[in-house]
Amino acid sequence: MFKIVTWNVNSIGVRLSRLLAFLDREKPDVLCLQELKCDDAKFPAGEIEAAGYHAAVFGQKTYNGVALLSRLPPENIQRNFGGKDDDPASRFISARYSPPGSEPLTVMCAYCPNGQSLGSEKFAYKMDWFARLRRHFDANYQKSDRIVITGDFNIAPEDRDVWDPVAWKEHIHCSSGERAALAEVVGFGLYDTFRLHHKDAGLFSWWDYRELSFQQNKGLRIDLIYATRPLAGVCVRTQIDRNERKGEKPSDHAPVIAEFKLS
DNA sequence: ATGGTTGGAGCCCAA
């Protein structure tokens, strides 16, 4: 089994003890991290290595920052989309892994822009970022490739991914424009692995820190794991680790887990 | 409820 997890940790410095406990408990093959909020020099490489993990890091001071932690060594590490299309923010990293006895697969880790509010400059940047993501797929991959793209997409794909779809209608993270931009990316040939196994509404990955949102399950499902058909077809289990949102100093996001039976 | 909480920076910004 090959276990891939995505987790927006909201500062790896504050979350390091939780992160190390998570690695020890869940033993993911690849852990995709977003919002490191540290530059490469401050990344806790020693602790990660001591836990038995390789790290491919794309840090940034104060904001953003993504990383791929893995049992296997990362190959062909790519940061952002490359070329003239590139972005000053550290939001995207991918690597290839070669499991013994199986074909290689590419794992991508994305921290998609938040967008702030409809009509803002940040919203326009978000929409453009998703268009660039789709072009990145078209320029570098085929839908028959073995690809998993995970991350904080900052978009709830459907109304069943929103705690109050009426209140959130055409609001940031839920608007028809954002959903269309996400659908363009998914249209490359991606499958939402969580929805292969869970159909219910009320299953979320993010809850605001404020107003006891988690305790009332007022959340959104915005942390997603998509796979191309060859891997979606062997995705045998998915789970949102709600326990990680509990206790002392949780991230506002829970880890999302997907397991693949590779052959 | 245009509120509220968290994190990193540095006396506010982003989420």
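These are my notebook entries on one helix, one cavity and several salt bridges in a predicted model.

**Entry 1, helix α3.** I began with helix α3, residues 121-140, and checked its length against expectation: at 1.5 Å a residue its 20 residues should span 28 Å, and I find the end C-alpha atoms 29 Å apart, which agrees. I then looked up which of its residues are buried, and the list reads Phe123, Lys126, Trp129, Phe130, Arg132, Leu133, His136 and Phe137. Next I asked what covers these buried residues of α3. The cover includes the strands β6 (92-97), β7 (105-111), β8 (147-152) and β9 (190-192), together with helix α4 (176-186).

**Entry 2, a salt bridge within α3.** Staying on this helix, I noted that aspartate 138 forms a salt bridge with arginine 134, with 3.1 Å between the closest N and O atoms. Both residues lie in α3, four residues apart, which is about one turn of the helix. I recalled that an α-helix has 3.6 residues a turn, so residues three or four places apart point the same way. On accessibility, aspartate 138 counts as partly exposed because its relative value is 45%, and arginine 134 also counts as partly exposed, at 21%, since buried would require a value under 20%.

**Entry 3, the cavity.** I searched for cavities of 30 Å³ or more and the count came to one; the largest cavity holds about 30 Å³ of space. Its lining consists of Asp192, Phe194, Arg221, Asp223, Leu224, Ile225, Ile240 and Val256. Which strand gives the most to this lining? Strand β12, residues 223-228, does, with three residues. By class, I sorted the lining into five nonpolar residues, three charged ones and no polar ones.

**Entry 4, a buried pair in the lining.** Two of the lining residues, Asp192 and Arg221, meet through their side chains in a salt bridge of 2.7 Å, N to O. This pair links distant parts of the chain, 29 residues apart, with aspartate 192 in strand β9 and arginine 221 in the loop between β11 (219-220) and β12. Both aspartate 192 and arginine 221 are buried.

**Entry 5, the other salt bridges.** For the whole structure I recorded 16 salt bridges. One of them joins glutamate 26 to lysine 3, their closest N and O atoms being 2.9 Å apart. Here too distant parts of the chain are linked, since glutamate 26 belongs to helix α1 (residues 12-26) and lysine 3 to strand β1 (residues 2-8), 23 residues apart. I find both glutamate 26 and lysine 3 buried.

Key. Residues numbered from 1 in each chain as written. Chains lettered and ligands numbered in written order. Predicted model: local features only at pLDDT ≥ 70, side-chain atom pairs only at ≥ 80, totals over all residues. Heavy atoms only, no water. Helix = DSSP H or I, 4+ residues; strand = E, 2+ residues; numbered from the N terminus. Expected span 1.5 Å × (residues − 1). Buried < 20%, exposed > 50% of the residue type's maximum accessible area, 1.4 Å probe, protein only. Contact = heavy atoms within 4.5 Å. 1 Å grid on protein atoms, 1.4 Å probe; cavity = no way out; pocket = protein on both sides within 12 Å on 5 of 7 lines; lining within 4 Å. Points joined across faces, edges and corners; volume = space filled by probe spheres on them. Nonpolar A, V, L, I, M, F, W, Y, C, P; charged D, E, K, R; others polar. Salt bridge = Lys/Arg side-chain N within 4 Å of Asp/Glu carboxyl O.
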